[in-house]
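Q: Please take a close look at one part of this structure, beginning from a single side chain and following its neighbours outwards. A connected account for a newcomer would be welcome.

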Amino acid sequence: MDELLGARVPQDPQAEQAVIGAMLFDAQCIPDVLRTARPEHFYIQQNRDIFETISAMFSFGQRIDVVTVMEEMRKRGVFREGVTQSYALECMRLTPTAANVLNYVKILRDKALMRDLGTAARQIQDMVNEGVGEADAMLETAERYIYGLRNGRTIGGLRPISETVQEVYAQLDEMSAGGEQNHLPGLSTGLHDLDKCTMGLGKGELVLIASRPGMGKTSMALNIAMHAAKTTKASVAVFSLEMSREELALRLLSGEARIDSQKLKRGSVNDTEWRVLAAAARTVSETKLMIDDNPLLTVADMNAQCRRIPDLALVVVDYLQLMQAADGNSGRHGENRQQIVSDISRMFKIMAKDLSVPVLCLSQLSRANEARTDKRPVLSDLRESGAIEQDADIVIGLYRDGYYNRESENPYEAEAIVLKNRKGETGTVPLQWLPEYTTYVSAEWKHGED
């Protein structure tokens with residue numbers, strides 16, 4: 001269409017032919033090519049058909065040469081008699097070596113990005129010309145388009161199931177080859193029994209941790225954030241609408257050093273503890289954990305900040321009921337508060353998918369459980385629940401008998417109750433609450449362990 005209108009579409013037919021020729025000429029280069037090249041990087045449909053065929057054959061462990069590829073293309077219905085085979089042979093003739101194939105792939109990626117950038121620019125221009133909606137909403141949509149391009153993907157659009165199957169197959173193959181210890185598909189929480197139940201925190205998932213005030217949901221979220229930052233070496237964004245950066249940092253230091261948080265607040269730390277604290281401060285400081293404690297943040301504000309982080313692994317929000325709508329309306333005194341919270345939870349789910357990282361959001365429970373004999377949380381206890389329980393992929397309710405019963409025989413025994421889990425089973429995971437460090441650990445944890 002652009003060419004019909006006189007605009008030259010960014011493309012490089014020679015580079016496309018060189019990549020196809022190299023893959024047919026030397027199958028050993030195919031894994032390197034498939035790590036960075038995608039079907040949409042090819043502008044010419046014939047080249048795209050050949051590439052998709054080779055990619056599918058490689059994913060399923062089939063032998064790849066010009067004869068087998070032509071036969072597979074016949075099966076797929078993309079082989080043209082008298083054209084396809086002669087074209088493939090011509091690509092091989094023009095590419096006598098695969099030595100420079102990654103340079104050719106880079107050219108394809110650059111041209112594809114230019115095409116996508118042009119498409120995004122036209123969509124943004126059309127949106128502005130139509131004048132439907134407010135400027136802030138348009139800016140949010142424009143940022144989504146650009147963020148998608150920066151991360152090598154487009155927003156929306158139908159894709160053939162064959163491409164998705166190949167990607168999933170490759171992921172399964174990678175996990176299988178990694179050994180037993182790598183079989184957790186999501187991001188580890190640092191709590192092994194909880195990981196077994198939830199399969200980790202998956203990309204694009206909205207995960208809720210819910211409890212009554214003072215139960216320790218912020219502490220648990222910080223545990224997970226710190227574990228993710230330490231193990232992945234990637235960035236973790238924490239948005240705290242209730243506590244300040246300094247308060248969170250104090251909790252992190254207490255948990256990392258295993259020094260009573262009250263002693264830290266009073267400054268009554270002995271020489272040995274100072275050395276331990278210094279080591280903990282070094283460990284925490286070396287992570288890429290970032291904190292924003294602005295209490296007036298909207299989901300759009302958070303999303304905009306996260307899009308600028310190139311290696312984001314996890315987003316933590318503390319907590320949902322303190323959030324404001326995009327127009328700054330909290331709705332706390334209006335009748336539409338439930339709708340506002342529902343809209344916010346939906347925006348968090350969209351944000352998780354856009355960023356392709358888990359979003360861990362904290363939520364308060366209503367007082368409904370306090371009227372029951374068994375005070376363990378259930379899904380309907382989510383305060384202003386509305387669509388929250390629908391949008392969330394995983395909902396974890398925290399429970400401690402010692403919170404309600406001061407005469408409890410085991411006041412520090414805790415439970416992480418998986419109330420909803422789209423990936424698998426629900427159930428109860430035993431934990432241990434360490435109030436002096438304001439942290440949760442596995443039930444079998446002993447003092448002195450990391």
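**A leucine and its surroundings**

A: Leu264 is found in helix H12, which spans residues 261-266. The model is predicted, so local features need pLDDT of at least 70 and side-chain atom pairs 80 or more, while totals for chains, interfaces and linings use all residues. Residues are numbered from 1 along each chain as its sequence is written, and side-chain values use heavy atoms, without hydrogens or water. Helices (H or I, at least four residues) and strands (E, at least two) are DSSP runs, numbered from the N terminus.

Leu264 has a relative accessible area of 14% and is therefore buried (buried is under 20%, exposed over 50%, partly exposed in between, with a 1.4 Å probe and protein chains only). Apart from neighbours within four places in sequence, Leu264 is in contact (heavy atoms within 4.5 Å) with Leu250, Ser254, Ile259, Val269 and Leu277. One of these partners, Leu250, lies 14 residues away along the chain, yet the C-alpha atoms of Leu250 and Leu264 are separated by 7.7 Å.

The account now turns to two neighbouring helices. Helix H11 covers residues 245-257, and helix H13 covers residues 271-285. The axes of H11 and H13 come within 9 Å and cross at roughly 115° (axes are fitted to C-alpha atoms, for helices over the stretch in contact, and angles run from 0 to 180 degrees between N-to-C directions). From H11, the residues Leu252, Leu253, Glu256 and Ala257 take part in the contact. From H13, they meet Val276, Leu277, Ala280, Ala281, Thr283 and Val284. Leu277 thus appears in this helix contact and also among the partners of Leu264.

H11 also leads to the sheet, since this helix lies across strand E2 (235-240) and strand E3. Relative to E3, H11 runs at about 145°. The sheet is open and contains 9 strands in the order E3-E2-E4-E5-E1-E6-E7-E8-E9, with mixed pairing (strands pair if DSSP finds at least two bridges between them). At its edges are E3 (288-292) and E9 (439-442), each of which pairs on one side only. From one strand to the next, the twist averages 25°.

Within the sheet, strand E1 (residues 206-211) and strand E5 (residues 359-364) are parallel and share 6 bridges; in this pair, Ser211 has Gln364 of E5 as its bridge partner. Strand E7 (residues 413-421) and strand E8 (residues 427-434) instead run antiparallel, joined by 6 bridges, and Ile417 is matched with Thr428 of E8. E7 and E8 make a hairpin with 5 residues between them.

E8 continues into a further hairpin with E9, with 4 residues between the two strands. In that turn, Thr438 has a positive phi of about 45°. E8 and E9 are antiparallel and are joined by 4 bridges, and Trp433 has Tyr440 of E9 as its bridge partner. Trp433 and Tyr440 are both buried. Their ring centres lie 4.8 Å apart with the planes at 50°, so this pair is tilted (rings of Phe, Tyr and Trp, the last by its six-membered ring, pair with centres within 6.5 Å; planes under 30 degrees apart are stacked, over 60 edge-to-face, the rest tilted).

The structure holds 4 aromatic pairs. Another of them joins Tyr399 and Tyr404, which are stacked at 6.1 Å centre to centre with 25° between the planes. Tyr399 is buried at 7% relative accessible area, whereas Tyr404 is partly exposed at 24%. Ring pairs link these two residues and Tyr403 into a cluster.
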